[in-house]
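Me: Got a minute to walk through a model with me? I'll put it up here.
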Amino acid sequence: MELIPGLAGVPAAKSKVSFVDGKKGILEYRGIKIEELVKNSNFLETSYLLIFGHLPTKKEYEKFVDDITHHRRLKFRIIDVMKNFPEKAHPMDVLQSTVSALGMFYPSKDILDEEYHYEAAVHLIAKIPTIAASWFRIRNGDEPVKPDDKLDFTTNFFYMMTEQIVEPEVARIFDKCLILHAEHTMNASTFAALVVASTLADPYTVMSSALGALSGPLHGGANEEVIKMLMEIGEPEKVRDYIENKLKNKERIMGFGHRVYKTYDPRAKILEQLLQELIKIKGETKLYKVAKEVEKVTLEHLAKKGIYPNVDFYSGIIYQMLGIPVDMFTSIFAMARISGWLAHWKEYIKENKLFRPSQVYEGEHNLPYIPLEKREKTG
Ligand SMILES: CC(C)(COP(=O)(O)OP(=O)(O)OC[C@H]1O[C@@H](n2cnc3c(N)ncnc32)[C@H](O)[C@@H]1OP(=O)(O)O)[C@@H](O)C(=O)NCCC(=O)NCCS
(Lines give C-alpha, C1' and ligand atoms only; values in the text may rest on other atoms or scores of the structure.)
Protein backbone atom coordinates (compact mmCIF):
# COMPACT_ATOMS: atom_id res chain seq x y z
CA MET A 1 0.00 0.00 0.00
CA GLU A 2 1.22 3.47 -0.84
CA LEU A 3 2.12 5.69 2.11
CA ILE A 4 0.77 9.27 1.89
CA PRO A 5 2.92 11.39 4.24
CA GLY A 6 0.74 13.27 6.71
CA LEU A 7 -2.30 11.58 5.10
CA ALA A 8 -2.41 14.70 2.90
CA GLY A 9 -5.72 14.77 1.07
CA VAL A 10 -6.81 11.33 2.36
CA PRO A 11 -10.42 11.46 3.65
CA ALA A 12 -10.55 10.43 7.33
CA ALA A 13 -14.32 10.60 7.81
CA LYS A 14 -17.61 11.51 6.17
CA SER A 15 -18.98 14.78 7.48
CA LYS A 16 -21.84 17.23 7.13
CA VAL A 17 -20.32 19.80 9.49
CA SER A 18 -18.50 22.12 7.08
CA PHE A 19 -17.32 22.52 3.50
CA VAL A 20 -14.39 24.32 1.88
CA ASP A 21 -13.84 25.17 -1.77
CA GLY A 22 -10.21 26.24 -1.88
CA LYS A 23 -10.30 27.43 -5.50
CA LYS A 24 -13.33 29.67 -5.12
CA GLY A 25 -12.57 30.69 -1.53
CA ILE A 26 -15.82 29.34 -0.04
CA LEU A 27 -16.35 28.14 3.52
CA GLU A 28 -19.75 26.90 4.72
CA TYR A 29 -20.88 25.67 8.13
CA ARG A 30 -23.75 23.17 7.74
CA GLY A 31 -24.34 24.57 4.25
CA ILE A 32 -24.47 28.25 5.28
CA LYS A 33 -21.73 30.54 3.98
CA ILE A 34 -19.61 32.09 6.73
CA GLU A 35 -20.29 35.57 5.30
CA GLU A 36 -23.99 34.97 6.09
CA LEU A 37 -23.25 33.74 9.58
CA VAL A 38 -20.90 36.62 10.39
CA LYS A 39 -23.55 39.07 9.17
CA ASN A 40 -26.56 37.56 10.91
CA SER A 41 -25.55 35.14 13.65
CA ASN A 42 -23.44 35.13 16.80
CA PHE A 43 -20.90 32.68 18.17
CA LEU A 44 -23.26 30.73 20.44
CA GLU A 45 -25.94 30.37 17.80
CA THR A 46 -23.30 29.28 15.26
CA SER A 47 -21.96 26.78 17.81
CA TYR A 48 -25.44 25.31 18.17
CA LEU A 49 -25.74 25.09 14.39
CA LEU A 50 -22.41 23.27 14.10
CA ILE A 51 -22.96 20.84 16.97
CA PHE A 52 -26.65 20.01 16.56
CA GLY A 53 -26.88 20.38 12.77
CA HIS A 54 -29.59 23.06 12.49
CA LEU A 55 -30.15 26.68 13.43
CA PRO A 56 -31.84 26.62 16.85
CA THR A 57 -35.46 27.61 17.32
CA LYS A 58 -35.98 30.60 19.61
CA LYS A 59 -36.67 28.24 22.52
CA GLU A 60 -33.62 26.07 21.80
CA TYR A 61 -31.41 29.15 21.41
CA GLU A 62 -32.56 30.76 24.64
CA LYS A 63 -32.08 27.53 26.58
CA PHE A 64 -28.60 26.99 25.09
CA VAL A 65 -27.47 30.54 25.91
CA ASP A 66 -29.00 30.30 29.38
CA ASP A 67 -27.36 26.95 30.10
CA ILE A 68 -23.96 28.22 28.94
CA THR A 69 -24.35 31.39 31.00
CA HIS A 70 -25.05 29.33 34.12
CA HIS A 71 -22.13 26.93 33.63
CA ARG A 72 -19.34 29.47 33.22
CA ARG A 73 -18.08 29.15 36.81
CA LEU A 74 -15.14 26.90 37.65
CA LYS A 75 -15.16 24.77 40.80
CA PHE A 76 -12.72 26.04 43.43
CA ARG A 77 -10.72 22.82 43.11
CA ILE A 78 -10.14 23.58 39.40
CA ILE A 79 -8.99 27.09 40.29
CA ASP A 80 -6.69 25.55 42.92
CA VAL A 81 -5.21 23.20 40.33
CA MET A 82 -4.53 26.19 38.05
CA LYS A 83 -2.93 28.20 40.86
CA ASN A 84 -0.34 25.44 41.18
CA PHE A 85 0.80 25.63 37.58
CA PRO A 86 4.12 27.48 36.99
CA GLU A 87 3.61 31.20 36.25
CA LYS A 88 5.46 30.86 32.96
CA ALA A 89 3.29 27.97 31.70
CA HIS A 90 1.98 28.59 28.19
CA PRO A 91 -1.77 29.40 28.20
CA MET A 92 -2.42 26.51 25.79
CA ASP A 93 -0.68 24.02 28.12
CA VAL A 94 -2.80 25.34 30.98
CA LEU A 95 -5.95 25.06 28.88
CA GLN A 96 -5.20 21.51 27.79
CA SER A 97 -4.36 20.32 31.31
CA THR A 98 -7.35 22.06 32.89
CA VAL A 99 -9.83 20.73 30.32
CA SER A 100 -8.44 17.28 30.99
CA ALA A 101 -8.87 17.84 34.76
CA LEU A 102 -12.45 19.09 34.19
CA GLY A 103 -13.37 15.62 32.95
CA MET A 104 -12.76 14.21 36.42
CA PHE A 105 -15.43 16.53 37.84
CA TYR A 106 -18.02 15.62 35.21
CA PRO A 107 -17.68 11.86 34.98
CA SER A 108 -18.54 10.10 31.79
CA LYS A 109 -22.09 8.86 31.41
CA ASP A 110 -23.45 6.91 28.45
CA ILE A 111 -21.17 8.19 25.71
CA LEU A 112 -23.89 7.81 23.07
CA ASP A 113 -26.58 9.57 25.11
CA GLU A 114 -27.74 12.80 23.40
CA GLU A 115 -28.41 14.49 26.74
CA TYR A 116 -24.85 13.81 27.81
CA HIS A 117 -23.62 15.33 24.53
CA TYR A 118 -25.61 18.47 25.23
CA GLU A 119 -24.32 18.66 28.81
CA ALA A 120 -20.68 18.18 27.74
CA ALA A 121 -21.01 20.78 24.95
CA VAL A 122 -22.46 23.31 27.38
CA HIS A 123 -19.75 22.71 29.98
CA LEU A 124 -16.90 22.95 27.51
CA ILE A 125 -18.10 26.03 25.59
CA ALA A 126 -18.97 27.75 28.88
CA LYS A 127 -15.82 26.97 30.84
CA ILE A 128 -12.99 27.31 28.30
CA PRO A 129 -13.20 31.15 28.26
CA THR A 130 -13.23 31.13 32.07
CA ILE A 131 -10.10 28.96 32.14
CA ALA A 132 -8.33 31.21 29.61
CA ALA A 133 -9.30 34.45 31.40
CA SER A 134 -8.53 33.01 34.85
CA TRP A 135 -5.04 32.01 33.76
CA PHE A 136 -4.47 35.55 32.43
CA ARG A 137 -5.08 36.75 36.01
CA ILE A 138 -3.54 33.92 38.03
CA ARG A 139 -0.19 34.14 36.23
CA ASN A 140 -0.06 37.85 37.07
CA GLY A 141 -0.70 37.08 40.73
CA ASP A 142 -4.33 38.27 40.65
CA GLU A 143 -7.41 36.41 41.84
CA PRO A 144 -9.63 35.17 38.99
CA VAL A 145 -12.78 37.22 38.39
CA LYS A 146 -16.01 35.23 38.60
CA PRO A 147 -18.23 35.30 35.50
CA ASP A 148 -21.14 37.73 35.64
CA ASP A 149 -24.44 36.10 34.61
CA LYS A 150 -25.77 39.46 33.42
CA LEU A 151 -23.11 39.72 30.73
CA ASP A 152 -23.18 38.07 27.31
CA PHE A 153 -20.56 35.50 26.26
CA THR A 154 -17.92 37.85 24.82
CA THR A 155 -18.47 40.82 27.13
CA ASN A 156 -18.12 38.44 30.06
CA PHE A 157 -14.84 37.07 28.68
CA PHE A 158 -13.23 40.52 28.69
CA TYR A 159 -14.78 41.25 32.08
CA MET A 160 -13.19 38.10 33.54
CA MET A 161 -9.82 39.24 32.18
CA THR A 162 -9.90 42.92 33.09
CA GLU A 163 -12.96 43.66 35.31
CA GLN A 164 -13.91 46.19 32.61
CA ILE A 165 -17.01 46.22 30.40
CA VAL A 166 -16.00 46.60 26.74
CA GLU A 167 -18.05 48.66 24.28
CA PRO A 168 -20.85 46.52 22.73
CA GLU A 169 -19.39 47.11 19.24
CA VAL A 170 -16.01 45.76 20.36
CA ALA A 171 -17.65 42.67 21.93
CA ARG A 172 -19.57 42.16 18.67
CA ILE A 173 -16.38 42.30 16.56
CA PHE A 174 -14.68 39.77 18.84
CA ASP A 175 -17.76 37.52 18.70
CA LYS A 176 -17.53 37.54 14.88
CA CYS A 177 -13.86 36.52 15.08
CA LEU A 178 -15.00 33.52 17.13
CA ILE A 179 -17.54 32.58 14.42
CA LEU A 180 -14.73 32.65 11.84
CA HIS A 181 -12.52 30.33 13.90
CA ALA A 182 -15.24 27.92 15.02
CA GLU A 183 -14.73 25.25 12.37
CA HIS A 184 -12.61 24.32 9.37
CA THR A 185 -13.28 20.77 8.08
CA MET A 186 -10.62 18.09 8.68
CA ASN A 187 -7.32 19.27 10.05
CA ALA A 188 -4.72 18.11 12.57
CA SER A 189 -6.68 18.99 15.74
CA THR A 190 -10.03 17.71 14.43
CA PHE A 191 -8.36 14.49 13.34
CA ALA A 192 -6.67 14.16 16.75
CA ALA A 193 -10.10 14.60 18.35
CA LEU A 194 -11.62 11.91 16.13
CA VAL A 195 -8.86 9.40 16.78
CA VAL A 196 -9.40 9.71 20.53
CA ALA A 197 -13.20 9.90 20.11
CA SER A 198 -13.13 6.62 18.19
CA THR A 199 -11.91 4.83 21.34
CA LEU A 200 -15.12 6.11 23.02
CA ALA A 201 -13.03 8.16 25.48
CA ASP A 202 -14.99 10.88 27.30
CA PRO A 203 -15.41 14.27 25.57
CA TYR A 204 -13.06 16.11 27.97
CA THR A 205 -10.25 13.71 27.04
CA VAL A 206 -11.19 14.08 23.37
CA MET A 207 -11.09 17.90 23.56
CA SER A 208 -7.89 17.92 25.55
CA SER A 209 -6.25 15.87 22.75
CA ALA A 210 -7.49 18.36 20.17
CA LEU A 211 -6.13 21.21 22.30
CA GLY A 212 -2.74 19.51 22.38
CA ALA A 213 -2.73 19.27 18.58
CA LEU A 214 -3.79 22.91 18.19
CA SER A 215 -1.00 24.10 20.50
CA GLY A 216 1.73 23.27 17.97
CA PRO A 217 3.25 26.14 15.94
CA LEU A 218 2.35 24.48 12.63
CA HIS A 219 -1.34 24.60 13.50
CA GLY A 220 -2.72 27.17 15.94
CA GLY A 221 0.28 29.39 16.47
CA ALA A 222 0.69 31.21 13.14
CA ASN A 223 -1.09 34.45 14.15
CA GLU A 224 1.40 34.87 17.01
CA GLU A 225 4.16 34.71 14.39
CA VAL A 226 2.40 37.30 12.19
CA ILE A 227 2.27 39.85 15.00
CA LYS A 228 5.91 39.22 15.87
CA MET A 229 6.84 39.77 12.20
CA LEU A 230 4.80 43.00 11.90
CA MET A 231 6.34 44.35 15.10
CA GLU A 232 9.82 43.40 13.94
CA ILE A 233 9.28 45.29 10.65
CA GLY A 234 7.92 48.27 12.58
CA GLU A 235 7.47 50.79 9.71
CA PRO A 236 5.66 50.52 6.34
CA GLU A 237 8.78 51.84 4.55
CA LYS A 238 10.81 48.87 5.79
CA VAL A 239 8.40 46.26 4.42
CA ARG A 240 9.73 45.82 0.88
CA ASP A 241 13.33 45.09 1.93
CA TYR A 242 12.19 42.80 4.74
CA ILE A 243 9.84 40.69 2.61
CA GLU A 244 12.07 40.53 -0.45
CA ASN A 245 14.98 39.51 1.73
CA LYS A 246 12.95 36.74 3.33
CA LEU A 247 11.78 35.44 -0.03
CA LYS A 248 15.33 35.57 -1.39
CA ASN A 249 16.39 33.38 1.56
CA LYS A 250 13.50 30.98 0.84
CA GLU A 251 11.82 31.86 4.15
CA ARG A 252 8.04 31.76 4.62
CA ILE A 253 5.94 34.86 5.13
CA MET A 254 3.71 34.08 8.07
CA GLY A 255 -0.03 34.50 7.55
CA PHE A 256 0.23 33.67 3.85
CA GLY A 257 -0.56 30.45 2.02
CA HIS A 258 -2.89 27.59 2.83
CA ARG A 259 -3.07 23.87 2.06
CA VAL A 260 -6.63 24.23 0.76
CA TYR A 261 -7.12 27.87 -0.31
CA LYS A 262 -5.30 28.87 -3.46
CA THR A 263 -7.01 32.27 -3.45
CA TYR A 264 -7.95 34.69 -0.63
CA ASP A 265 -9.00 32.77 2.48
CA PRO A 266 -12.59 34.07 2.87
CA ARG A 267 -11.98 34.45 6.63
CA ALA A 268 -9.03 36.78 5.98
CA LYS A 269 -11.24 39.11 3.92
CA ILE A 270 -13.86 39.33 6.69
CA LEU A 271 -11.22 39.73 9.37
CA GLU A 272 -9.77 42.71 7.52
CA GLN A 273 -13.23 44.33 7.42
CA LEU A 274 -13.63 43.66 11.16
CA LEU A 275 -10.20 45.18 11.77
CA GLN A 276 -11.24 48.30 9.83
CA GLU A 277 -14.38 48.54 12.00
CA LEU A 278 -12.26 48.20 15.13
CA ILE A 279 -9.91 50.93 13.92
CA LYS A 280 -12.93 53.27 13.59
CA ILE A 281 -13.66 52.66 17.28
CA LYS A 282 -10.17 52.45 18.76
CA GLY A 283 -8.16 54.61 16.34
CA GLU A 284 -5.35 53.94 13.88
CA THR A 285 -2.69 51.31 14.49
CA LYS A 286 0.62 51.37 12.69
CA LEU A 287 0.55 47.57 12.55
CA TYR A 288 -2.34 47.71 10.04
CA LYS A 289 -0.35 50.01 7.75
CA VAL A 290 2.62 47.65 7.97
CA ALA A 291 0.31 44.68 7.32
CA LYS A 292 -1.23 46.31 4.21
CA GLU A 293 2.23 46.92 2.80
CA VAL A 294 3.26 43.32 3.62
CA GLU A 295 0.16 42.11 1.78
CA LYS A 296 0.96 44.28 -1.26
CA VAL A 297 4.61 43.28 -1.55
CA THR A 298 3.99 39.58 -0.79
CA LEU A 299 1.20 39.34 -3.37
CA GLU A 300 3.45 40.92 -6.02
CA HIS A 301 5.72 37.89 -5.56
CA LEU A 302 3.45 35.04 -4.48
CA ALA A 303 -0.07 35.60 -5.88
CA LYS A 304 0.98 33.82 -9.08
CA LYS A 305 1.67 30.71 -6.94
CA GLY A 306 -1.79 30.92 -5.34
CA ILE A 307 -0.45 32.25 -2.05
CA TYR A 308 -2.73 34.81 -0.41
CA PRO A 309 -3.38 36.05 3.16
CA ASN A 310 -4.87 33.36 5.40
CA VAL A 311 -7.03 33.51 8.56
CA ASP A 312 -4.01 34.27 10.71
CA PHE A 313 -2.92 37.41 8.88
CA TYR A 314 -5.36 39.96 10.33
CA SER A 315 -6.71 38.16 13.42
CA GLY A 316 -3.57 38.85 15.47
CA ILE A 317 -3.83 42.65 14.95
CA ILE A 318 -7.46 42.55 16.14
CA TYR A 319 -6.57 40.57 19.26
CA GLN A 320 -3.64 42.85 19.99
CA MET A 321 -5.87 45.94 19.72
CA LEU A 322 -8.26 44.26 22.17
CA GLY A 323 -5.47 43.96 24.73
CA ILE A 324 -5.08 40.19 24.45
CA PRO A 325 -1.46 39.12 25.04
CA VAL A 326 0.21 37.44 22.05
CA ASP A 327 0.72 34.11 23.85
CA MET A 328 -3.04 33.89 24.43
CA PHE A 329 -3.96 34.06 20.71
CA THR A 330 -4.10 30.28 20.33
CA SER A 331 -6.34 30.01 23.42
CA ILE A 332 -8.77 32.39 21.70
CA PHE A 333 -8.67 30.15 18.65
CA ALA A 334 -9.44 27.17 20.94
CA MET A 335 -12.32 29.00 22.62
CA ALA A 336 -13.95 29.13 19.18
CA ARG A 337 -12.79 25.85 17.68
CA ILE A 338 -14.21 23.83 20.59
CA SER A 339 -17.57 24.06 18.79
CA GLY A 340 -16.20 22.51 15.60
CA TRP A 341 -14.46 19.75 17.53
CA LEU A 342 -17.65 18.98 19.46
CA ALA A 343 -19.62 18.84 16.19
CA HIS A 344 -17.18 16.36 14.64
CA TRP A 345 -16.99 14.29 17.86
CA LYS A 346 -20.78 13.97 18.05
CA GLU A 347 -21.06 13.17 14.36
CA TYR A 348 -18.24 10.59 14.35
CA ILE A 349 -19.24 8.50 17.37
CA LYS A 350 -22.75 8.07 15.98
CA GLU A 351 -21.33 5.68 13.40
CA ASN A 352 -18.12 5.01 15.23
CA LYS A 353 -15.24 3.04 13.78
CA LEU A 354 -12.11 2.72 15.88
CA PHE A 355 -9.15 4.26 14.04
CA ARG A 356 -6.54 1.58 13.40
CA PRO A 357 -4.37 2.63 10.44
CA SER A 358 -1.44 0.56 9.27
CA GLN A 359 2.22 1.39 8.75
CA VAL A 360 5.03 0.68 6.35
CA TYR A 361 7.57 -1.29 8.40
CA GLU A 362 11.13 -0.38 7.49
CA GLY A 363 13.01 -2.19 10.28
CA GLU A 364 14.86 -5.52 10.38
CA HIS A 365 13.74 -9.08 11.16
CA ASN A 366 14.96 -12.11 13.13
CA LEU A 367 17.83 -10.35 14.89
CA PRO A 368 19.55 -12.28 17.72
CA TYR A 369 19.36 -11.08 21.35
CA ILE A 370 22.87 -9.89 22.34
CA PRO A 371 23.65 -10.16 26.08
CA LEU A 372 24.46 -6.80 27.71
CA GLU A 373 28.16 -7.55 28.33
CA LYS A 374 28.69 -8.40 24.67
CA ARG A 375 27.12 -5.26 23.21
CA GLU A 376 29.66 -2.94 21.64
CA LYS A 377 27.59 -0.44 19.74
CA THR A 378 25.85 2.34 21.64
CA GLY A 379 22.75 4.18 20.68
C1 LIG B 1 0.20 26.91 5.33
C2 LIG B 1 1.30 26.28 4.46
C3 LIG B 1 2.06 25.23 5.28
C4 LIG B 1 0.65 25.62 3.25
O5 LIG B 1 1.62 25.24 2.39
P6 LIG B 1 1.36 24.25 1.12
O7 LIG B 1 0.11 24.59 0.45
O8 LIG B 1 1.55 22.87 1.58
O9 LIG B 1 2.48 24.69 0.17
P10 LIG B 1 3.97 24.21 0.18
O11 LIG B 1 4.53 24.18 1.55
O12 LIG B 1 4.04 22.95 -0.60
O13 LIG B 1 4.62 25.40 -0.67
C14 LIG B 1 4.41 25.60 -2.07
C15 LIG B 1 5.29 26.71 -2.54
O16 LIG B 1 4.80 27.95 -2.03
C17 LIG B 1 5.77 28.56 -1.21
N18 LIG B 1 5.10 29.11 -0.03
C19 LIG B 1 4.00 28.60 0.59
N20 LIG B 1 3.64 29.39 1.60
C21 LIG B 1 4.52 30.41 1.62
C22 LIG B 1 4.67 31.53 2.44
N23 LIG B 1 3.85 31.76 3.46
N24 LIG B 1 5.68 32.36 2.21
C25 LIG B 1 6.53 32.14 1.19
N26 LIG B 1 6.44 31.10 0.36
C27 LIG B 1 5.44 30.24 0.59
C28 LIG B 1 6.73 27.44 -0.81
O29 LIG B 1 8.00 27.92 -0.47
C30 LIG B 1 6.73 26.59 -2.06
O31 LIG B 1 7.54 27.23 -3.01
P32 LIG B 1 8.34 26.36 -4.11
O33 LIG B 1 7.28 25.69 -4.93
O34 LIG B 1 9.12 27.38 -4.87
O35 LIG B 1 9.18 25.38 -3.35
C36 LIG B 1 2.30 27.37 3.97
O37 LIG B 1 1.63 28.26 3.10
C38 LIG B 1 2.96 28.13 5.11
O39 LIG B 1 3.94 27.64 5.69
N40 LIG B 1 2.45 29.36 5.44
C41 LIG B 1 2.99 30.17 6.50
C42 LIG B 1 2.48 29.71 7.86
C43 LIG B 1 1.04 30.09 8.07
O44 LIG B 1 0.61 31.21 7.85
N45 LIG B 1 0.29 29.10 8.57
C46 LIG B 1 -1.11 29.26 8.87
C47 LIG B 1 -1.96 28.48 7.94
S48 LIG B 1 -3.67 28.80 8.23
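Me: What phi does E163 take, just after α7?
Reply: E163 takes a positive phi of about 65°. Helices here are DSSP runs of H or I with at least four residues, strands are E runs of at least two, and both are numbered from the N terminus. Bear in mind this is a predicted model, where local features need pLDDT of at least 70, side-chain atom pairs count only at pLDDT 80 or more, and totals for chains, interfaces and linings use all residues. Residues are numbered from 1 along each chain as its sequence is written.

Me: And α7 itself, buried or exposed?
Reply: In α7 (residues 153-162), 9 of the 10 residues are buried, so the helix is largely enclosed by the rest of the structure. Buried is 20 or more other C-beta atoms within 10 Å of a residue's own, exposed is 12 or fewer, and partly exposed is in between, with C-beta atoms placed from the backbone.

Me: Which residues are buried in α7?
Reply: They are F153, T154, T155, N156, F157, F158, Y159, M160 and M161.

Me: What do they pack against?
Reply: The buried residues of α7 pack against α2 (43-52), α3 (58-69), α6 (114-138) and α8. Contact is C-beta atoms, placed from the backbone, within 7 Å.

Me: Switching topic, how do α5 and α10 cross?
Reply: The axes of α5 (residues 91-105) and α10 (residues 203-214) come within 8 Å and cross at roughly 170°. Axes are lines fitted to C-alpha atoms, for helices over the stretch in contact, and angles run from 0 to 180 degrees between N-to-C directions. That makes α5 roughly antiparallel to α10 (the label for angles over 145 degrees).

Me: What's the residue mix, by class, in that contact of α5 with α10?
Reply: It has 7 nonpolar, 6 polar and no charged residues. Nonpolar covers Ala, Val, Leu, Ile, Met, Phe, Trp, Tyr, Cys and Pro, charged covers Asp, Glu, Lys and Arg, and the others, Gly among them, are polar.

Me: OK, domains. What does the assignment give?
Reply: Domain 1 is 14-217 + 325-350, and domain 2 is 222-321; such bounds come from an automatic or database assignment. The contact takes 21 residues from domain 1 and 22 from domain 2.

Me: Which element gives the most on the domain 1 side?
Reply: α8 does, with 6 residues touching domain 2.

Me: Last one, how many residues surround the ligand?
Reply: 15 residues do, and the closest are A222, R252, I253, F256 and G257. A residue counts as near if its C-beta atom, placed from the backbone, lies within 6 Å. The shell has 7 nonpolar, 4 polar and 4 charged residues.

Terms used: Two residues are in contact if their C-beta atoms, placed from the backbone, lie within 7 Å. Angles under 35 degrees count as roughly parallel, over 145 as roughly antiparallel, 65 to 115 as roughly perpendicular and the rest as oblique.
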